[in-house]
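Good morning, colleagues. May I ask you to turn to the sequence and the structure that will now be displayed?

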Amino acid sequence: MPATAALQRPASTRDKRERPRRTRTKNVSHRPALQVSTLPVRELDLEPGQERLICPDCRTWCPITGLAKPKLVPHDSKPHAARCKGTNRSVVLDVTVEDWRMEMDGSVRDAASRRSARQFHKPLPAPATPIHRMNQPPRPTADEALAVYGAHRKQCSACTGRTACATGTRLAAAYARLQRQEEAKRLRTRSKADQWAAVAPAAQAAAVRRVGDELAATLKQISGTLDRFERARLDLRITELAETLWWRM
């Protein structure tokens, strides 16, 4: 009998890519079934082929396996940890995919329409006084030094006319030093005020020109094609520039 060629199966035209594996086990948890309708919509994913939910016990995303009897696959919250007690728990899919999608779309629109809460920043506390300055008395003024010097001359018999004792001489020197310091401080403050008064008109004119140029450039944008949001922002900016220009002039 002549040898016959071995039957060869025709090459399969189906896709050879690796398909996702599902956990196959007949074990079912004794805990009551988990109803999907009792979970928040943001903790569900009912897209066909990738059904999953956040396990109420370990708060991790867990796939749902099984078509006739859906249940949670064996899982754990951390690597090399004991299995979660929600493993193999039955799941009741009492929410359709269409209803879940409608609720998801509504929650996304509601979240997009909400404004973020206004932030109130507390002022920073003043820096604490260094320890070496806590018990120091305030610095005396020239008037206080003059009063102490006058009281000393009234009580001291050695301080007569232009002559003075060692204590009187020290008090007079302290009064002269404080008077010079206060006078120098007044001169520095006056010089800063004079410098600002000298440049204030030029700075004011430059600010007015800058705001006027920006207002003119903004008004030129009205001739272009703008949507209602761009037009609203443009009108608001024009109003702000006009008010700033009115206050500066």
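I shall begin with the protein as a whole, proceed to its sheet, and then discuss several individual residues.

Please bear in mind throughout that this is a predicted model. The protein has 249 residues, of which 19% are buried. Its accessible surface amounts to about 21,000 Å², and carbon and sulfur atoms contribute 56% of that area. As for contacts across the chain, consider those with a separation of 6 or more: 47% of them join residues 24 or more positions apart.

How many helices and strands does the protein contain? There are 4 helices and 6 strands. Read from the N terminus, the order is β-β-β-β-β-β-α-α-α-α, with the strands preceding the helices.

Let us turn to the sheet. Four of the strands form an open sheet in the order β2-β3-β4-β5, and the pairing is antiparallel. Which strands lie at the edges? They are β2, residues 44-45, and β5, each of which pairs on one side only. As a general matter, the strands of a sheet pair through backbone hydrogen bonds, and they may do so in a parallel or an antiparallel manner.

Within this sheet, β3 and β4 run antiparallel and are joined by 3 bridges. Arg 52 has Pro 63 in β4 as its bridge partner. Arg 52 also has a second role to note, since it lies over the face of Trp 61, 4.5 Å from the ring centre. On the subject of rings, the structure holds 0 aromatic pairs.

The hairpin of β3 and β4 has 6 residues between the strands, and Arg 59 there adopts a positive phi near 60°. Arg 59 is not a glycine, yet its phi is positive. This residue sits in the loop between β3, residues 52-54, and β4. Is Arg 59 buried, partly exposed or exposed? Its relative accessible area is 47%, and it is therefore partly exposed.

The next pairing is that of β4, residues 61-65, with β5, which is antiparallel over 2 bridges. Here the partner of Ile 64 is Leu 72 in β5. The hairpin of these two strands has 5 residues between them, and Gly 66 takes a positive phi near 90°.

I now come to the loop between β5 and β6, from which I have chosen three residues, beginning with His 75. This histidine is placed in the loop that runs between β5, residues 71-72, and β6, residues 91-92. His 75 counts as buried because its relative accessibility is 9%. What does the side chain of His 75 reach? It extends to the backbone oxygen of Val 73, at 2.8 Å. Beyond its neighbours within four places in sequence, His 75 is in contact with several residues, among them Cys 55, Cys 58, Cys 62 and Cys 84. Its other contacts of this kind include Thr 60, Arg 83, Gly 86 and Thr 87.

The second residue is Asn 88, which also belongs to the loop between β5 and β6. Asn 88 has a positive phi of about 60° although it is not a glycine. With a relative accessibility of 11%, Asn 88 is counted as buried.

The third is Arg 89, found in the loop between β5 and β6. Is Arg 89 buried or exposed? It counts as buried, because its relative accessibility is 11%. If residues up to four places away in sequence are set aside, Arg 89 touches Ser 29, Arg 31, Pro 32, Ala 33 and Leu 34, among others. Its contacts further along the chain include Asp 57, Pro 70, Lys 71 and Leu 72. Leu 72 has already been mentioned as the bridge partner of Ile 64. Arg 89 and Pro 74 are 15 residues apart along the chain, and their C-alpha atoms are separated by 9.0 Å.

Finally, I draw your attention to Pro 40, in the loop between β1, residues 34-35, and β2. Pro 40 is partly exposed, because its relative accessible area is 30%. Which residue, 63 positions along the chain from Pro 40, has its C-alpha atom 9.9 Å from that of Pro 40? The residue is Glu 103.

Thank you for your attention.

Terms used
Residues are numbered from 1 along each chain as its sequence is written. This is a predicted model: local features need pLDDT of at least 70, side-chain atom pairs count only at pLDDT 80 or more; totals for chains, interfaces and linings use all residues. Side-chain values use heavy atoms; hydrogens and water are left out. Buried means under 20% relative accessible area, exposed over 50%, partly exposed in between (1.4 Å probe, protein chains only). A polar contact is a pair of N or O atoms within 3.5 Å; within protein, one must be able to donate a hydrogen and the other to accept it, and residues adjacent in sequence count only if both atoms are side-chain atoms. Contact means heavy atoms within 4.5 Å. Rings of Phe, Tyr and Trp (its six-membered ring) pair if their centres lie within 6.5 Å; planes under 30 degrees apart count as stacked, over 60 as edge-to-face and the rest as tilted. A charge sits over a ring if NZ of Lys or CZ of Arg is within 6 Å of the ring centre and within 35 degrees of the ring normal. Two strands pair if DSSP finds at least two bridges between them. Accessible areas come from the Shrake-Rupley method with a 1.4 Å probe; for residues, only the protein chains shown count as cover.
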